[in-house]
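Please look over the sequence and the fold shown below before reading on. The report that follows takes up the interior space, one helix at a time, and a few individual residues.

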Amino acid sequence: MDITIENIVLIGSLLLFISIIIGKTSYKFGVPTLLLFLAIGMLAGSEGIGGINFDNPRIAQFIGIVSLNFILFSGGLDTNWKAVKPILKEGIALSTLGVLFTAVSIGIFVWAVTNFTIYESLLLGSIVSSTDAAAVFSILRSKSIALKTNLRPTLELESGSNDPMAYVLTIAFLTLVINQDQSITSVIPMFLQQMIFGGILGFVFGIFSKFVINKIKLGFEGLYPVLVISLMFITFSATDFVGGNGFLAIYICAVYLGNQELIHKRTILKMFDGLAWLMQIVLFLTLGLLVFPSQIIPYLGVGLLISLFLIFIARPVGVFLSLIFFKMKLRRRFYISWVGLRGAVPIVFATYPLLAGVEKANIIFNIVFFISVTSVLLQGTTLSIVAKWLNVALPEQEKKLTATDLLLNEDPKGEMREILISSDAFAVDKKIVELGFPKSAIIAMIIRDNSYITPNGTTEIKAHDTLIVLADRPNIFEEVYKTLKI
């Protein structure tokens with residue numbers, strides 16, 4: 001079946017519907033939903049029962065880039081700076097040095113066991129060197145895995161911030177594969193430009209976006225998530241235009257915004273949570289359609305060999321070397337090594353050699369696809385088991401709601417208190433967004449003159465209001481009282 005303008009909406013909506021329905025029950029059988037989305041795409045493809053003829057890496061890459069924008073931005077918005085700050089150095093080490101060591105380890109191994117040149121081998125290593133944000137975010141959150149100390153923030157920070165490093169390495173070694181006469185030192189300026197510009201512009205656009213969101217008066221609450229989407233794409237494209245890393249920029253921008261007081265922040269968070277899931281489904285379906293299973297079969301042996309080397313040797317080497325100067329228990333290092341999920345991101349990066357016309361691009365793509373599938377299947381289904389085995393999982397009774405859970409949950413079960421605002425209180429006639437309210441608490445409702453108001457960032461507090469405040473633990477209310485100065 002050829003995709004036409006007339007049937008694309010029908011085909012797309014049916015695939016989306018099937019993915020959601022099947023994904024809803026998948027975890028009862030221990031199968032990650034992302035893997036099922038991929039399988040549905042393959043079944044619908046030209047060699048599956050759907051017979052949809054889709055063989056366009058350029059369109060797949062475009063869809064992949066757009067989807068990664070939403071996935072990384074949503075992950076950044078959900079990142080709690082207070083939780084991340086204590087492990088910031090470890091996270092940066094994992095997302096930079098860890099990716100580099102992993103890429104080099106795989107590259108050397110591939111060079112030793114295949115007929116790839118050293119640059120082709122390092123290109124393959126770079127493509128699969130980063131953990132996949134979509135896979136890590138969705139599996140950790142959908143399985144509600146509670147981990148001890150700062151382990152979960154470390155994993156989410158790494159997965160959300162290491163794609164830029166893998167992207168830069170991929171582009172660097174792709175350049176060396178195409179231009180064999182260049183030395184490896186020739187790509188260092190490009191690497192520095194990508195990372196420095198990406199980091200600086202991400203922070204700059206974060207400040208700019210906060211100003212625009214809080215100062216502009218749109219009149220309709222539903223327009224604010226649309227405004228944020230436009231700011232997200234401006235951040236990515238403008239950074240990419242000047243030679244910076246757009247993926248790094250949007251992640252930093254989102255982390256900054258997620259930890260600021262924003263008008264209609266709850267609406268924005270809920271919207272991006274849904275969009276991130278939509279983009280994950282679309283991305284995996286598209287990549288499933290792009291794959292020809294018959295072309296993967298000849299590379300199953302070498303693919304399995306490389307995949308096992310990545311999971312059991314290269315990833316642990318990258319983790320242990322990058323964290324060598326940090327104090328961390330051995331079992332935590334092993335668990336970080338195990339949560340080295342590869343998903344859609346490496347498959348998207350594998351389209352770059354295809355579009356560049358590299359001789360072994362098709363082989364690289366099929367091997368990368370197989371590595372991603374085996375990683376999600378093996379590691380994704382065992383995260384809870386390994387966490388308990390290594391004793392890094394919290395007991396069920398000690399699990400707590402995070403600030404993000406409170407904001408996104410329709411029925412929060414944290415602490416709730418009623419706070420009366422006196423006529424001379426500091427908060428009187430001030431907007432909620434101006435109060436600097438603690439990130440781990442929200443004003444869920446305001447009782448005013450026997451009526452109930454659902455507040456947003458622009459709602460002004462009045463004398464004699466009763467605030468219904470929710471927090472994830474009792475001691476947060478000390479910060480609430482300090483903020484309200486009562």
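A cavity here is, on a 1 Å grid over the protein atoms alone, a set of points where a 1.4 Å probe fits but cannot get out, and lining residues have an atom within 4 Å of a point. Grid points are joined across faces, edges and corners, and a volume is the space filled by probe spheres set on the points. The model is predicted, so that local features need pLDDT of at least 70 and side-chain atom pairs count only at pLDDT 80 or more, whereas totals for chains, interfaces and linings use all residues. Residues are numbered from 1 along each chain as its sequence is written, and side-chain values use heavy atoms, with hydrogens and water left out.

**The chain as a whole**

The chain has 22 helices and four strands, where helices (H or I, at least four residues) and strands (E, at least two) are DSSP runs numbered from the N terminus. Of its 486 residues, 53% are buried, with buried meaning under 20% relative accessible area, exposed over 50%, and partly exposed in between (1.4 Å probe, protein chains only). Among the contacts with a separation of 6 or more, 79% join residues 24 or more positions apart; contact means heavy atoms within 4.5 Å.

**The cavity and Ala-344**

The structure holds one cavity of 30 Å³ or more, and the space in the largest cavity is about 40 Å³. Ten residues line the largest cavity, and Leu-38, Phe-284, Gly-343, Ser-372 and Val-376 are the closest to its centre. Helix H2 (33-44), H17 and helix H19 (361-378) each supply at least two residues of this lining. The lining divides into eight nonpolar, two polar and no charged residues, where Ala, Val, Leu, Ile, Met, Phe, Trp, Tyr, Cys and Pro count as nonpolar, Asp, Glu, Lys and Arg as charged, and the others, Gly among them, as polar.

Ala-344 lies in helix H17 (residues 344-349) and is buried, with a relative accessible area of 0%. Leaving aside its neighbours within four places in sequence, Ala-344 is in contact with Asp-132, Leu-283, Phe-284 and Leu-287. Its C-alpha atom is separated by 9.7 Å from that of Leu-35, although the two residues are 309 residues apart along the chain.

**Two helices**

In helix H22 (residues 476-484), the buried residues are Ile-476, Phe-477, Val-480, Thr-483 and Leu-484. They lie on the same side of H22 because they cover an arc of only 110 degrees around the axis, the arc being that of the directions from the helix axis to the C-beta atoms. Glu-478 and Lys-482 are exposed on the other side of H22, while the buried residues pack against strand S1 (415-420), strand S2 (441-448) and strand S4 (466-471). Helix H8 (residues 151-161), by contrast, is mostly covered, with ten of its eleven residues buried, including Glu-156 and Glu-158.

**Residues in loops**

Most residues other than glycine have a negative phi. Asn-391 has a positive phi of about 60 degrees although it is not a glycine, and the phi of His-464 is near 75 degrees, likewise a positive value in a residue other than glycine. The table places them beside Lys-360, which is in contact with Asn-115, Phe-116 and Glu-120 when neighbours within four places in sequence are left aside.

| Residue | Loop between | Relative accessible area |
|---|---|---|
| Lys-360 | helix H18 (351-356) and H19 | 13%, buried |
| Asn-391 | helix H20 (383-389) and helix H21 (403-408) | 41%, partly exposed |
| His-464 | strand S3 (451-453) and S4 | 58%, exposed |

Definitions and conventions: On a 1 Å grid over the protein atoms alone, a cavity is a set of points where a 1.4 Å probe fits but cannot get out, and a pocket is an open set with protein on both sides within 12 Å along at least five of seven lines; lining residues have an atom within 4 Å of a point.
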